[in-house]
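Biologist: Could we go through this model together? I'd like to hear the reasoning behind each label.

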Amino acid sequence: MIDGENRILISEIPVKELLGKCVDILMRTYTELGQTPTEQVVLIMSQSLAEDLKRRFSKLMWYDVDRAFNRGVRETEEFHLSVKTYFKWLTYWKKQVIWDAQYQVQQGKDPKEIAYYKEQNQIKLLK
């Protein structure tokens, strides 16, 4: 279930709050991958991630970012976190998961049965 805090679009999250969320998700991801980055690396990566989210993924919800990272760690062969790595994870989530859910509904499937389906007004600007 997606709680209210995770339903917020990236574009609506204040930059300072987004930076904090990025630090948290990066630290969790580094830990899950067994990496121990320096504080400087985490700060630089969090700024980069926040900028990319605002620029290229602003219509995703924070939930989508969390799920993309979760999936990336567990279901890909990417074992080192870098900008290219998280960009692949987020792009896959946006194009394959969200857009596929939309397509399935367009083909007549019940939206309630599609795990990552979002109402049209939530995804209209993802493209």
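Modeller: Of the 127 residues in the protein chain, 41% count as buried. Keep in mind that this is a predicted model.

Biologist: What makes a residue count as buried, say T29?

Modeller: The cut-off is a relative accessible area under 20%. T29 has 0%, so T29 is buried. T29 lies in helix 1, residues 15-32.

Biologist: And T76, at 17% relative accessibility: why is that residue called buried?

Modeller: Because 17% is under 20%, T76 counts as buried too. T76 is found in the loop between helix 3 and helix 4.

Biologist: Then what makes Q47 partly exposed?

Modeller: Exposed would need over 50% and buried under 20%. Q47 has a relative accessible area of 46%, which falls in between, so Q47 is partly exposed. Q47 sits in helix 2, and its C-alpha atom is separated by 9.7 Å from that of G20, 27 residues apart along the chain.

Biologist: Back to T29. How do you know that the side chain of T29 makes a polar contact with the backbone oxygen of I25?

Modeller: The side chain of T29 reaches that oxygen at 2.7 Å, and the limit for a polar contact is 3.5 Å, so the pair qualifies.

Biologist: Which backbone atoms does the side chain of T76 pair with?

Modeller: A polar atom of that side chain lies 2.5 Å from the backbone oxygen of G72, and the side chain of T76 also reaches the backbone nitrogen of E78 at 3.3 Å. Both values are within 3.5 Å, so both count as polar contacts.

Biologist: What does each threonine touch farther along the sequence?

Modeller: Leaving aside neighbours within four places, T29 is in contact with F69, V73, L81 and W89. On that basis T76 touches R71 and W89.

Biologist: F69 came up there. What does F69 touch, and where does F69 stand in the largest nonpolar core?

Modeller: That core has 26 residues, and F69 is among those with the most contacts inside it, along with L49, L53, W62, L81 and L90. Helix 1, helix 2 (39-56), helix 3 (62-75) and helix 4 (83-106) each give two or more residues to this core. Not counting residues up to four places away, F69 touches I25, L26, R28, T29, L49, L81, Y86, W89 and L90.

Biologist: Why is helix 1 called roughly parallel to helix 3?

Modeller: Their packing angle is about 15 degrees, with the axes 10 Å apart. Angles under 35 degrees count as roughly parallel, so that label fits helix 1 and helix 3. The crossing is right-handed. Residues that meet there include I25 and T29 in helix 1, and F69 and V73 in helix 3.

Biologist: And what makes helix 1 and helix 2 oblique?

Modeller: They pack at about 120 degrees, with axes 8 Å apart. Roughly perpendicular covers 65 to 115 and roughly antiparallel needs over 145, so 120 leaves helix 1 and helix 2 oblique to each other. The contact includes L18, C22 and L26 of helix 1, and M45, Q47 and L49 of helix 2. Helix 1 passes helix 2 in a right-handed crossing.

Biologist: How do you know that the pattern along the sequence is α-α-α-α-α?

Modeller: The protein chain has five helices and zero strands, and reading along the sequence gives α-α-α-α-α. As for contacts between residues at least 6 apart in sequence, 69% join residues at least 24 apart.

Terms used. Residues numbered from 1 in each chain as written. Predicted model: local features only at pLDDT ≥ 70, side-chain atom pairs only at ≥ 80, totals over all residues. Heavy atoms only, no water. Helix = DSSP H or I, 4+ residues; strand = E, 2+ residues; numbered from the N terminus. Buried < 20%, exposed > 50% of the residue type's maximum accessible area, 1.4 Å probe, protein only. Polar contact = N/O pair within 3.5 Å; in protein donor to acceptor, adjacent residues only side chain to side chain. Contact = heavy atoms within 4.5 Å. Core = buried A, V, L, I, M, F, W, Y, C linked by side-chain atoms within 4.5 Å. Axes fitted to C-alpha atoms, helices over the stretch in contact; angles between N-to-C directions. Left-handed = near helix turned anticlockwise from the far one by under 90°.
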